[in-house]
Amino acid sequence: MTDQTQLARLSPPARAASAAARLTRRQKAAIVVRFLLNEGADVPLTDLPDALQESLTTQMGTMRYVDRSTLADVVAEFASELEAMGLTFPNGVAGALSALDGRISPQTAARLKKEAGVRLFGDPWEQVRSAEAEDLLDILQRESTEIAAVMLSKLDVARAADLLGKLPGDTARRITYAVSQTEAVTPEAVDRIGLALAAQLHDVPDTAFPDGPVQRVGEILNYSASATRDDVLTGLEETDEDFARLVRKAIFTFVHIPDRVNPVDVPKLTREVDQAVLVTALASASAGDLAPAAEFILDNMSKRMAEALREEMQELGTVKPRDGEEAMTQVVNAIRQLEAAGEITLISPEEDDDENG
């Protein structure tokens with residue numbers, strides 16, 4: 001009796017238009033979705049919040065029949081609403097954060113994520129599967145055996161075997177045995193575990209500086225006077241020898257040009273630096289510890305240009321230390337600009353050490 005009453009309400013033969021007008025938005029949504037599915041459209045219902053998916057499913061389960069006139073009216077109304085729509089906004093805080101990614105400060109984004117308490121990771125297990133091995137190993141050893149067993153079960157077999165081989169023997173045995181106890185774990189529990197693990201992988205503390213302390217100190221000393229640089233490095237070696245060693249590797253000054261610049265890139269450097277500045281730098285560096293750097297530059301350009309520069313260096317005569325250091329700094333800056341633009345690639349200190357070894 002109930003079905004017959006509803007059928008009559010949805011589709012009275014003589015008043016199809018009024019029937020469509022009396023339908024609720026939920027009923028109209030169910031009709032549109034059913035129509036699209038019948039037409040073979042791919043309707044991404046999984047993008048809807050769980051509550052709306054449940055409501056839509058329940059509504060579709062209560063409906064039985066809609067006549068052609070009512071269907072046409074509902075579809076026409078839906079199409080009209082689509083045509084009138086000028087702008088859409090992302091659904092919820094998670095969607096808004098995704099749309100504004102990179103356009104709001106990391107601090108604001110992190111605070112909103114914590115306050116929202118919503119699902120922000122999409123499929124959390126995709127995040128886990130794409131994580132670095134070191135991060136996953138840390139989780140495997142830090143989390144409970146049961147959580148580790150679930151995580152291992154959700155990874156690709158080859159990845160799981162690789163991680164298992166990197167764990168201490170007793171830990172690997174406990175986790176392997178716990179995998180045998182995961183048969184009764186529900187999908188909801190696995191989803192919650194995935195969300196928790198994804199949150200851990202994303203919970204990286206915000207830092208005030210984009211570069212580490214070694215790079216920051218190295219950059220500062222690159223622009224410092226040589227006397228100041230040598231004095232600071234000597235002090236660092238007395239305080240923290242390991243840190244001083246890393247800073248020395250991060251420093252790039254005129255003296256490092258032969259070790260860090262490829263000979264074939266020297267012509268690009270000479271085109272980048274004003275010739276008067278280059279002459280001043282080479283003349284200042286032509287004696288003492290810097291002489292090899294000056295000769296390296298001269299030896300790797302055209303013979304005609306090298307001869308012309310040597311003549312200008314002789315004419316220039318003695319260069320004041322301050323003027324020479326300023327010119328050499330400009331040469332180094334030109335090299336760094338070429339590297340930043342991707343026109344040259346500097347040889348890293350590690351590569352140089354490997355070749356010498």
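## Salt bridges and burial in a predicted model

User: This is a predicted model. What makes D299 and R310 a salt bridge?

Analyst: The closest N and O atoms of D299 and R310 are 3.9 Å apart, and the cut-off is within 4 Å, so the pair counts. D299 sits in helix 20 and R310 in helix 21, 11 residues apart.

User: Why is D299 called exposed?

Analyst: D299 has 55% relative accessibility, and exposed means over 50%, so the label fits. R310 comes out at 32%, which lies between the 20% and 50% limits, so R310 is partly exposed. Salt bridges with shared partners also join E295, D299 and R310 into one network.

User: How do you know that K28 and E77 form a salt bridge?

Analyst: Their closest N and O atoms are 3.0 Å apart, and the rule asks for within 4 Å, so they qualify. K28 lies in helix 3 and E77 in helix 5, so the pair ties together parts 49 residues apart in sequence.

User: Is K28 buried or exposed?

Analyst: Buried: K28 has a relative accessible area of 13%, and the limit is under 20%. E77, at 29%, is partly exposed.

User: What makes F78 eligible for a nonpolar surface patch?

Analyst: Patch residues need over 30% relative accessible area, and F78 has 33%, so F78 passes that cut-off. Together with L82 and M85, F78 makes a patch of about 270 Å².

User: Which residues touch the most other members of the largest nonpolar core?

Analyst: F254, I257, L282, I297, V331 and I335, out of 33 residues. Helix 22 gives the most to this core, with seven residues.

Conventions: Residues numbered from 1 in each chain as written. Predicted model: local features only at pLDDT ≥ 70, side-chain atom pairs only at ≥ 80, totals over all residues. Heavy atoms only, no water. Patch = residues over 30% accessible without salt bridge, like charges linked within 9 Å, V, L, I, M, F, W, Y side chains within 5 Å. Areas by Shrake-Rupley, 256 points an atom, 1.4 Å probe, with all protein chains shown as cover. Salt bridge = Lys/Arg side-chain N within 4 Å of Asp/Glu carboxyl O. Buried < 20%, exposed > 50% of the residue type's maximum accessible area, 1.4 Å probe, protein only. Core = buried A, V, L, I, M, F, W, Y, C linked by side-chain atoms within 4.5 Å. Helix = DSSP H or I, 4+ residues; strand = E, 2+ residues; numbered from the N terminus.
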